[in-house]
Each structure stands twice: as C-alpha cells, then as structure tokens.
Amino acid sequence: MQTISENRCFGGTQGVYSHTSAACNCDMTFAVFLPEEAAHGPVPVLWFLSGLTCTHENAMTKAGAQAWAAEQGIALVFPDTSPRGDAVANDDAYDLGQGAGFYIDATQSPWDRHFKMWTYVAEELPALLAEKFPLDMDRQSICGHSMGGHGALTLAMALPGRFRSVSAFAPICNPTNSDWGRKQFTAYWGADDSKWGPHDATLLMQGPGFDGPILIDTGTNDQFGDLLGTDAFAAAMATKRQEGTIRLQKGYDHSYFFIATFMEDHVAFHAEALYA
C-alpha cells in the first residue's frame, strides 16, 4: 500500500492510498478518514460508495461527511467506483466502463479481466483495511449514492451480519428494470438475465431483506428519478415489513448539494446502530 496524501481534518486524518489489487488486476485508489479516537484504538467504520463517473474523491471532498464522522468517532472509507488505467477496458458512454463498475463481478470479455468490484469491495479492500488501519471491522455500516446506493443496498442484504445499518442517497433500487442496470448487466454478464445474480435491491428485499435499519433519501426533483426504481423498492419494503425509512425530499435533485444537506442525518443514523 502506498500513501498518496494525508491531511489533518477535523482533529483526525484524511488519507488517500493506492495498492495493487489482485481482484481488479490493476492499481486501485481509496480514501480513509480516521477520527481522533483512532489514535487510541479501533473505531467503527462507515463505507461510502459513490455513483456513476465518480472516483474516491467526489464524496471525500463534497459530501461534508468528515465533520459529522469526527463528531461521532467513526472512520469513513471511500473506495473507487471501478478499476482504472490504460489497460482497463472502457466505453465512450459515461455509464459503462471506467467509473461505472456497478459493484459487481463481470464475466464477459473485455470486462472480466478487471471489473471485479464486488470481490474488491466485499473481500479484498476490507482485508487490507483490517491489516493497515485501526478499524473495528465488527462494527461496520454502509452508505452510497446512486450507483453506490445500489451497491450499498445489495452488499448489505447479500452479506448478512456484515453491516449494522445501510443508507442511500437516490439509490438505483431496481436495476434489472432500468436503463441504469440492464445496459450494464448485459455488457458485464451477457444477455441472459437468469445469470445476473442477486444484484438488485428490490429483488433482494423480496427475498432475505436486511436485518437492520435502512434510511433512504431521494429528491423530488431528481433529474434521474425515472431510472431509480424507488417505488418498486418501497413496495418491497412494505410487503417485507422491513425496518426502515424512505424520505422524499422536496425540491432536491441528484447532486452533492443534496447529499451534503442530509449527510449529518445519515452519519447520526449509522452512529446509533454502530454504538448500539
């Protein structure tokens, strides 16, 4: 692991790091915020998974999460959204290829050589974090935005017992019925949707659900609202009688201005679960 930068931040440290990923077969970059309490022992962990076109940097610099995480004594982890590099397959469209890993493991060429974001986020990066940082990996929660909200919800439900709580900002909730999902799943997994696996939050909610609280915020002026599948996920939650809250925030869109407005609520929501 290489240290790219470390800066004093709200009494703690905001760091950016890189390492060679076996899962993604390339170098990967991620960011970790450690609160002041980490100097004295392991602290709980909140993951933030970003959306289409983003890197580790977007939420790190725009979400305002560090102030609230420092107040709660919680570490933040910001992974990248996909493998990157000259040798990594890409596409001219913003919603496929680099910046659009969808937190799944591709099986189709040319994507299968590098696009293993499920294995990376679920297995490889947690192991590295546990080795290199003072983190209490028995106390983890997860959050995400848009494509990252899809990742947060599916990881939380598909890895029972891993995360104590899950939240999302404008998540893609039903990708198998959306152009933000069907296009990418077809490219990464092939046209046979019976082989797409359990990577749809609505379908997972119809099955095992989540053993913990869920918080979702979506803006009523979200310019991508028709692609998110919020209604389908809300119906699945209601049928499942899932513990959780979906809030439609009047006038807000899909931007980081929206995320920053409600980030304090999300960090406090996770802190309650992490310190329960």
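Here is a walk through two pockets and one buried serine in this structure, which is a predicted model.

Let's start with the empty space. Rolling a probe the size of a water molecule over the atoms shows where such space is left. The largest pocket holds about 240 Å³. It has 13 lining residues, and if you want to find the middle of it, look for Thr-218, Gly-225, Thr-230, Asp-231 and Leu-248, the ones closest to its centre. Three elements each give at least two residues to this lining: strand S8 (214–219), helix H7 (230–240) and strand S9 (244–249). H7 has the largest share, with three residues. As for chemistry, the lining of this pocket is made up of six polar, four nonpolar and three charged residues.

Now move on to the second largest pocket, at about 170 Å³. Its lining draws on several stretches of the sequence, including Gly-51, Leu-52, Thr-53 and Cys-54, then His-145 and Ser-146, and later His-254, Ser-255 and Tyr-256. Tyr-94, Trp-180 and Phe-224 are also part of this lining. Here the split is six nonpolar and six polar residues, with no charged ones.

Last stop: Ser-82, which sits in the loop between strand S5 (75–79) and helix H3 (117–132). Is Ser-82 buried or exposed? Its relative accessible area is 0%, so it counts as buried. Around Ser-82, leaving aside residues up to four places away in sequence, you'll find contacts with Met-28, the run Gly-97, Gln-98, Gly-99, Ala-100 and Gly-101, and also Phe-115 and Met-117. With Gly-99 there is a polar contact too: the Ser-82 side chain reaches the backbone nitrogen of Gly-99 at 2.7 Å.

Key. Residues are numbered from 1 along each chain as its sequence is written. This is a predicted model: local features need pLDDT of at least 70, side-chain atom pairs count only at pLDDT 80 or more; totals for chains, interfaces and linings use all residues. Side-chain values use heavy atoms; hydrogens and water are left out. On a 1 Å grid over the protein atoms alone, a cavity is a set of points where a 1.4 Å probe fits but cannot get out, and a pocket is an open set with protein on both sides within 12 Å along at least five of seven lines; lining residues have an atom within 4 Å of a point. Grid points are joined across faces, edges and corners, and a volume is the space filled by probe spheres set on the points. Helices (H or I, at least four residues) and strands (E, at least two) are DSSP runs, numbered from the N terminus. Ala, Val, Leu, Ile, Met, Phe, Trp, Tyr, Cys and Pro count as nonpolar, Asp, Glu, Lys and Arg as charged, and the others, Gly among them, as polar. Buried means under 20% relative accessible area, exposed over 50%, partly exposed in between (1.4 Å probe, protein chains only). A polar contact is a pair of N or O atoms within 3.5 Å; within protein, one must be able to donate a hydrogen and the other to accept it, and residues adjacent in sequence count only if both atoms are side-chain atoms. Contact means heavy atoms within 4.5 Å.
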